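Below is a walk through one part of a protein model, going from a sheet to the helices on it and then to a single residue. Please keep the structure open while reading.

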Amino acid sequence: MNLDFFFYPQSVAVFGSFKRGAIAYEILRNIVEGGFKGKIIPVNPKGGTVEVAGRTFQIREKLEEPVDTAIIAVPARVVPGLVDEIGPLIKGAVVISAGFSEVGNEELERELVEKARKHGVRIIGPNCAGIFGVHGKFFGSFEVRVRPGGLALISQSGAFGGAALAMGNEEGIGFSAFVSYGNAADLNESDFLEYFADDENTKAIALYIEGVRDGRRFLKALHYASEKKPVVILKAGKSASGAKAAASHTGSLAGSYEIYRAAFKQAGAIEVDEMEELFDAAKVFEMYPRAGKRVAVITNSGGPGVLATDKLERLGLELAKLSDETTQKLRSFLPPQCSVKNPIDLIADADYERYRRAIETVCRDENVDSLLVICVPPIFIPSEEIAKAIIEADCDKPIVVNFMAGELIKDGVGLLEKHGVKNFPTPERAARALKWLSERL
């Protein structure tokens, strides 16, 4: 299914009130400030003009020319009629308006879908927060804008999606797209899974769901997407009370969590339990597609190395057994007080040279699938020095990094991020990231 007219549109019409602070105004502002290069048409029966980000737009009283997508933020009762009126001129409509099945108004929602299908128009929503096509510089939502990257975020909840975008910015995650699909009157999670599976700018897909209506279709779409790229799922409504809350929130069928869990596993998707895990998984899959289970840990501090080792083993990963050749090579340049067994302890005064040579030596060991590199910088060694060693090391295997903590690592983490290397703030989170990579084998 081709949904490029939503995520890579050439033209857009926005319907609603353009008073400052109104939803349609904020969406228009986001589109303009986000750098959208296509045609933008604000529409309101009252006409007039609106100034946004230094540009003045004539507000059309009605839409009279074709556009790819319409974003609709008008009272629910007039939405079906509006879609019927503009149907011949649009390919898709993002219905922000609430007041449909989520409040028991199923008939109005059915009418909306009927009018859309009459004209071959696809609908996102209603009762949603909008969409982003980040690589098309299209920010058709009132949520915070994000940097371009490889993660497509599909969210049943608009508020969750907005919070996730804001947190993603803080975590240094780059996005390819965002879609809040609300009531899923027409297009739903399955459609978006299939679309982003084929989107060349998307490296990984994150999905927040409370429930699905067509389980068979969902399983098929999830399997299709998971075969092509990592799909990370955060499922809400696992408990009986949570399922009841989910049903009242979006009108979805939450169903038995055990059925969902089995479906995720069968399809090859990766399920996480918390928002933090969703972002950690997104970060690691932006860097690497997969990794084996045999991990080498390199650290300058014994304690974090032990914590990483414990977590790796609890997660079912293996501490790689280094070859004799590797341990001999490590002994040849490391101080005698360093441990050359896995985890490899470079001790507190480890500098650029020690880290770089250790990483390159361990990376060449055929018993090692991936590396977990930990740095707790002392005050006399700048964290950027160790970051540079990781960036410049000649290693073609996945390296997951844990720098900690506070101000001492700020510059080092910044340098890593400039070169596409994400930091995981604790040894346990870094270990868990490697676990997710191993699940893609």
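The paragraphs that follow describe a predicted model.

Start with the sheet. Seven strands make up an open sheet with mixed pairing, and their order is β9-β8-β11-β10-β12-β13-β14. At its edges lie β9 and β14 (270–272), each of which pairs on one side only. On average, and with direction ignored, neighbouring strands of this sheet are turned by 20 degrees against each other.

Within the sheet, strand β10 (residues 148–155) pairs with strand β11 (residues 175–180) in the parallel sense, over six bridges. One residue pair to locate here is L153 and F178: F178, in β11, is the bridge partner of L153.

Two helices can now be added. Helix α6 (residues 189–197) packs on the sheet and touches β10, β11, β12 (204–209) and β13 (231–235). The direction of α6 makes about 170 degrees with that of β12. Helix α10 (residues 275–287) lies across β10, β12, β13 and β14, and runs at about 175 degrees to β13.

Now go to the edge strand β9 (residues 138–141), where S141 is found. Is S141 buried or exposed? S141 counts as buried because its relative accessibility is 0%, and the cut-off for buried is under 20%. The side chain of S141 reaches the backbone oxygen of A129 at 2.5 Å. Leaving aside residues up to four places away in sequence, S141 touches I27, N30, A129, G130, I131, F132 and F178. A129 thus appears both in this contact list and as the owner of the backbone oxygen that the S141 side chain reaches. F178, also touched by S141, is the β11 residue bridged to L153.

Key: Residues are numbered from 1 along each chain as its sequence is written. This is a predicted model: local features need pLDDT of at least 70, side-chain atom pairs count only at pLDDT 80 or more; totals for chains, interfaces and linings use all residues. Side-chain values use heavy atoms; hydrogens and water are left out. Helices (H or I, at least four residues) and strands (E, at least two) are DSSP runs, numbered from the N terminus. Buried means under 20% relative accessible area, exposed over 50%, partly exposed in between (1.4 Å probe, protein chains only). A polar contact is a pair of N or O atoms within 3.5 Å; within protein, one must be able to donate a hydrogen and the other to accept it, and residues adjacent in sequence count only if both atoms are side-chain atoms. Contact means heavy atoms within 4.5 Å. Two strands pair if DSSP finds at least two bridges between them. Axes are lines fitted to C-alpha atoms, for helices over the stretch in contact, and angles run from 0 to 180 degrees between N-to-C directions.
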